[in-house]
Amino acid sequence: MTAEQFIAAYIRSEMMLPKQFVSKPVNLYAEAMSESAIKEALKID
């Protein structure tokens with residue numbers, strides 16, 4: 001591995017790629033139903 005390849009690999013591993021992947025669960029179905037329920041309530045009233 002040349003010095004240029006080593007430096008490129010170091011930059012990719014340390015700076016560009018995150019150490020931990022953070023995932024926040026999102027319940028799309030519940031959000032869609034709550035929005036539709038609100039819209040229906042507004043139309044009825």
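Two helices and 0 strands make up the secondary structure of the chain, as seen in this predicted model. The chain runs to 45 residues, and 0% of them count as buried. Its accessible surface adds up to about 4700 Å², with carbon and sulfur atoms supplying 64% of that.

Part of that surface is a nonpolar patch, put together from Met1, Phe6, Ile7, Tyr10, Ile11, Met15, Met16 and Leu17. Taken together, these residues offer about 940 Å² of accessible area. Met1, one of the patch members, sits in the segment before α1, the helix that spans 3-16. Met1 has a relative accessible area of 75%, and because anything over 50% counts as exposed, Met1 falls in the exposed class.

Moving into helix α1, Ser13 is one of the residues found there. Ser13 has a relative accessibility of 36%; since partly exposed covers the range between 20% and 50%, that is the label Ser13 gets. The side chain of Ser13 also has a partner on the backbone: one of its polar atoms lies 3.2 Å from the backbone oxygen of Tyr10. Tyr10, for its part, belongs to the nonpolar patch described above.

Past α1 comes Lys19, placed in the loop between α1 and α2, the latter covering 28-44. With residues up to four places away in sequence left out of the count, Lys19 touches Ser13 and Glu14. Ser13 thus turns up twice, with the polar atom of its side chain 3.2 Å from the Tyr10 backbone oxygen and in the contact with Lys19. Even with these two contacts, Lys19 counts as exposed, at 62% relative accessibility.

Terms used:
Residues are numbered from 1 along each chain as its sequence is written. This is a predicted model: local features need pLDDT of at least 70, side-chain atom pairs count only at pLDDT 80 or more; totals for chains, interfaces and linings use all residues. Side-chain values use heavy atoms; hydrogens and water are left out. Helices (H or I, at least four residues) and strands (E, at least two) are DSSP runs, numbered from the N terminus. Buried means under 20% relative accessible area, exposed over 50%, partly exposed in between (1.4 Å probe, protein chains only). Accessible areas come from the Shrake-Rupley method with a 1.4 Å probe; for residues, only the protein chains shown count as cover. Patches are made of residues with over 30% relative accessible area and no salt bridge: like charges are joined within 9 Å, nonpolar side chains (Val, Leu, Ile, Met, Phe, Trp, Tyr) within 5 Å. A salt bridge is a side-chain nitrogen of Lys or Arg within 4 Å of a carboxyl oxygen of Asp or Glu. A polar contact is a pair of N or O atoms within 3.5 Å; within protein, one must be able to donate a hydrogen and the other to accept it, and residues adjacent in sequence count only if both atoms are side-chain atoms. Contact means heavy atoms within 4.5 Å.
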